[in-house]
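Student: I'm new to this one, so could you walk me through it slowly?

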Amino acid sequence: MNLIMLGPPGGGKGTYSSRISENYGIPHIAMGDILRREVNEGSDLGKKVEEYMEKGELAPDELVNEVAKKRLSEPDCEAGFILDGYPRTLTQAKALDKVTDTDLVINLEISEEVIIERLANRRICKECGAIYNLKSMPPEEEGVCDECGGELYQREDDKPKVIRKRLGEYRKQSEPLIDYYREKNLVEDIVAQEERPIEEMMEEIYAAIKKAKPNKGS
Ligand code: ADP
Ligand code: ZN
């Protein structure tokens, strides 16, 4: 099954996507992670997108469309995938439609206050990419990943000023996407309030997946 996860930065797309990926054995494709890796490696692509990412702006559509197309053509995507952070603009969504079809779009709804608080407290493992929250999901030992012992860091763009920029981009560029998919009847809204346990939301997400693709999935 081909899934898309939509929602504001800091809405938990990464967390829910990796759960779905484990549960259904499909790859979790996180555009931000792919681009950050390119930046860290100093590749040509990395050099082209670095500046946008630091400022909290979107990278150019042509570049990310190319990245997505290449990634989706890899053999592990044949049985499906969960896309996280792509598409983010209408142009990207239309490019995606040319490459593959979409079974379900999961739209996370969450308030901006919660997002800002969450992102400011987010820490990520340098080695394995595991995500922590200093308040709600702290590591056992400060600054160290529970999973692999790697060092935890704060993303440059998780600083408050850049967070506001990213939220603005989201409202402007990505909200029209939701309407685009709504017209195709593909959207399932999931309310992601802070008080809601992850497990409860996962149940709702799995139910939506079953409804979209009754014959597949567990
Ligand atoms: P978040 O969803 O928390 O904002 P991501 O890790 O998904 O973070 O993305 C970080 C940055 O990477 C974005 O602010 C943007 O600069 C760039 N980026 C990621 N995905 C895309 C995309 N589909 N189109 C353009 N730029 C992107
Ligand atoms: Zn780790």
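**The zinc site**

Tutor: The zinc ion (ligand 2) has as its protein donors Cys125 (SG), Cys128 (SG), Cys145 (SG) and Cys148 (SG), lying 2.3 Å from it; donors are N, O and S atoms within 2.8 Å of the metal, or 3.2 Å for Na, K and Ca, with water not among the atoms. This is a predicted model, where local features need pLDDT of at least 70, side-chain atom pairs count only at pLDDT 80 or more, and totals for chains, interfaces and linings use all residues. Residues are numbered from 1 along each chain as written, chains are lettered from A and ligands numbered from 1 in written order, and side-chain values use heavy atoms, without hydrogens and water.

Student: What's the geometry of the zinc ion (ligand 2) site?

Tutor: The site is tetrahedral, with angles of 99 to 115° among the 4 donor atoms, where tetrahedral asks that all angles of four donors lie between 85 and 135 degrees.

Student: And how are the donor residues spaced in sequence?

Tutor: Their spacing is C-x2-C-x16-C-x2-C. Cys125 belongs to strand E5 (residues 122-125), while Cys148 sits in the loop between strand E6 (131-133) and strand E7 (152-153), so this pair ties together parts 23 residues apart in sequence; strands are DSSP runs of E with at least two residues.

Student: Is Cys125 buried or exposed?

Tutor: Cys125 is buried, at a relative accessible area of 2%, whereas Cys148, at 40%, counts as partly exposed. Buried means under 20%, exposed over 50% and partly exposed in between, using a 1.4 Å probe and protein chains only.

Notes. Tetrahedral: all angles 85-135°; square planar, octahedral: opposite > 155°, others 65-115°. Helix = DSSP H or I, 4+ residues; strand = E, 2+ residues; numbered from the N terminus.
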